[in-house]
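Colleague: I have a structure here that I would like to understand step by step. Could you take my questions in turn and show your reasoning?

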Amino acid sequence: MSRLNYPLNCNTGVGNTGLPNYTINLEQLTGLLLTFDGFKIPASSLTDFYTMFAYLQEATLNTDPLMRIYPLNIIEGLTDNTAAPEKKMSGYGNTKGVTEQTHQFEVELESHGIHFYKNLRKWNGRKNVRAYWIDKGFIGGYKDSNGDLQPMELDIFFKQVKPGNVADITKYMCEVELKDEKALTDNLDGMAIPNGFIVKNEIFGLTDVELSGTGGVLSATVTGVMAISKEDFVRKFYGELFANGPWLVDGVSKDPDSIINWNVLFTLTAGTHKIKLASPIILAENGIGSNTSGGYESNEITVTVRAN
Amino acid sequence: MDAIKTKSGALISPAMFQKSETEFIKAFPNDFKQLMFNGASLKDCDAELKALYAIHGKVKKRVKKEK
């Protein structure tokens, strides 16, 4: 009897269809953890959800802005505008293949005021933007060949604000395009969020601090407010700012010499000096912000100090 | 850093008390002095600073002598 010489297991590579007992579902997008090309969660930090999340929290304070995580946990609506797959037809009208399109979403954001939204619009047109997808049930990206969890490649565009009227509230919308058409299917990987864990309460971005300064005779006086809310920053962290570490004068750590009524005094030599807050991570080490509650970053001011 | 706290709530670095009395008083700009002493005249502010220096500056000197 002759035998046909071909592999017997013809379905190799096809997905099996046994039903799982436990699943992770793609439910609702609740947030994005924005970052840039180059950021990734190393395989060594993917042992469990909490280790992974701690890595992300720490990255919110990263000194290098391009290696930082910028949480955007204010998504409250999504419209899927992804184009229908393109079918390739044979001459006789049979479907010969299907080409899927990149994901296109219109996302509605929680309102945090126009100044906050102005900050978000600084992302428009930025190259190399990446993001981890935060679903109700998981945080997702894709695994590279090293087993590291990479953020998804995307374009984000914060649209013109849509002012409200009698019937509608003001809407802040953005467009999100995932470059990989398989980002939410074949290439999706990530970690399930444990029950009861609320991502938006556990990870925050940096708040801008606006410093102002006046040079005097052998001294300079500095004040600081939160850039958007205008709350007094020095008042909020009065004791913490009077320490060794939170201030940089000409790039070197310097203690303030006095603080009164939210004015910080530095005694300095005559000449021009550059003053700013230390990096977010150094501030956090001094009790000013943290990787779980969000940190702070300031502008740099230049003051001219007179000899007499 | 253990700051010296004044009655008005101002914090002053101990390093400031290492200066001479004249330098110490001159180190505070006029508007800063007036914030420290609730808008008192500059003459009164200087007197207050002198009194402050007398307490904390002297302590430093005494400690040095004992050593």
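What follows is a set of questions and answers on this predicted model.

Colleague: What radius of gyration does chain A have, set against a compact globule of 308 residues?

Modeller: Along its principal axes, the C-alpha trace of chain A spans about 110 × 55 × 35 Å. A compact globule of 308 residues would have a radius of gyration near 19 Å, whereas the value computed for chain A is 26 Å.

Colleague: How far apart do the C-alpha centres of domain 1 and domain 2 of chain A lie?

Modeller: The domain assignment of chain A gives domain 1 as residues 29-201 and domain 2 as residues 207-305. Taking the C-alpha centres of these two domains of chain A, the distance between them is 34 Å.

Colleague: Which helices of chain A each supply at least two residues of the side of domain 1 that touches domain 2?

Modeller: Where the two domains of chain A meet, 7 residues of domain 1 are in contact with 8 residues of domain 2. On the domain 1 side of chain A, the elements that each supply at least two residues are helix H1 (49-59) and helix H2 (114-120).

Colleague: In domain 1, which residue is the bridge partner of Phe36(A) in E7(A)?

Modeller: Strand E1 (residues 29-36) of chain A is mostly covered, with 7 of its 8 residues buried. This strand, E1(A), runs antiparallel to strand E2 (residues 70-72) of chain A, to which 3 bridges join it, and Leu32(A) stands opposite Leu72(A) there. E1(A) is also joined by 7 bridges to strand E7 (residues 129-135) of chain A, again antiparallel. In E7(A), the partner of Phe36(A) is Val129(A).

Colleague: Turning to the two chains, how many nonpolar, polar and charged residues has the side of chain A that touches chain B?

Modeller: Altogether, 17 residues of chain A are in contact with 16 residues of chain B. On the chain A side, strand E14 (219-226), strand E17 (258-260) and strand E18 (263-267) each supply at least two residues. By class, this side of chain A has 7 nonpolar, 8 polar and 2 charged residues.

Colleague: Which residue of chain B does Ile259(A) stand opposite?

Modeller: Strand E17(A) and strand E2 (residues 11-12) of chain B run antiparallel, and 2 bridges join them. Across this pairing, the residue opposite Ile259(A) in E2(B) is Leu11(B).

Colleague: Which strands stand at the edges of the open sheet of 7 strands, and why is one side of each left without a neighbour?

Modeller: The order of this open sheet is E20(A)-E13(A)-E14(A)-E18(A)-E17(A)-E2(B)-E1(B), with mixed pairing. Each edge strand has a single partner strand, so one side of it is left without a neighbour in the sheet, and these edge strands are E20 (296-298) of chain A and E1 (4-5) of chain B.

Colleague: Inside that sheet, which residue of E18(A) is the bridge partner of Val222(A)?

Modeller: Strands E14(A) and E18(A) run antiparallel and are joined by 4 bridges. In E18(A), the bridge partner of Val222(A) is Val264(A).

Colleague: Which helix gives the most to the largest nonpolar core?

Modeller: The largest nonpolar core has 39 residues, and those with the most contacts inside it are Ile259(A), Val264(A), Phe266(A), Ile275(A) and Met36(B). One of these, Phe266(A), touches residues including Val222(A), Val249(A) and Ile275(A). The element that gives the most to this core, with 4 residues, is helix H3 (residues 42-66) of chain B.

Key:
Residues are numbered from 1 along each chain as its sequence is written. Chains are lettered from A and ligands numbered from 1 in the order in which they are written. This is a predicted model: local features need pLDDT of at least 70, side-chain atom pairs count only at pLDDT 80 or more; totals for chains, interfaces and linings use all residues. Ala, Val, Leu, Ile, Met, Phe, Trp, Tyr, Cys and Pro count as nonpolar, Asp, Glu, Lys and Arg as charged, and the others, Gly among them, as polar. Two strands pair if DSSP finds at least two bridges between them. Domain bounds come from an automatic or database domain assignment. A nonpolar core is a set of buried Ala, Val, Leu, Ile, Met, Phe, Trp, Tyr and Cys residues joined through C-beta atoms within 7 Å. A residue is buried if 20 or more other C-beta atoms lie within 10 Å of its own, exposed if 12 or fewer, and partly exposed in between; C-beta atoms are placed from the backbone. The radius of gyration is taken over C-alpha atoms; the globule rule is 2.2 Å times the number of residues to the power 0.38. Lists of a residue's contacts leave out its neighbours within four places in sequence.
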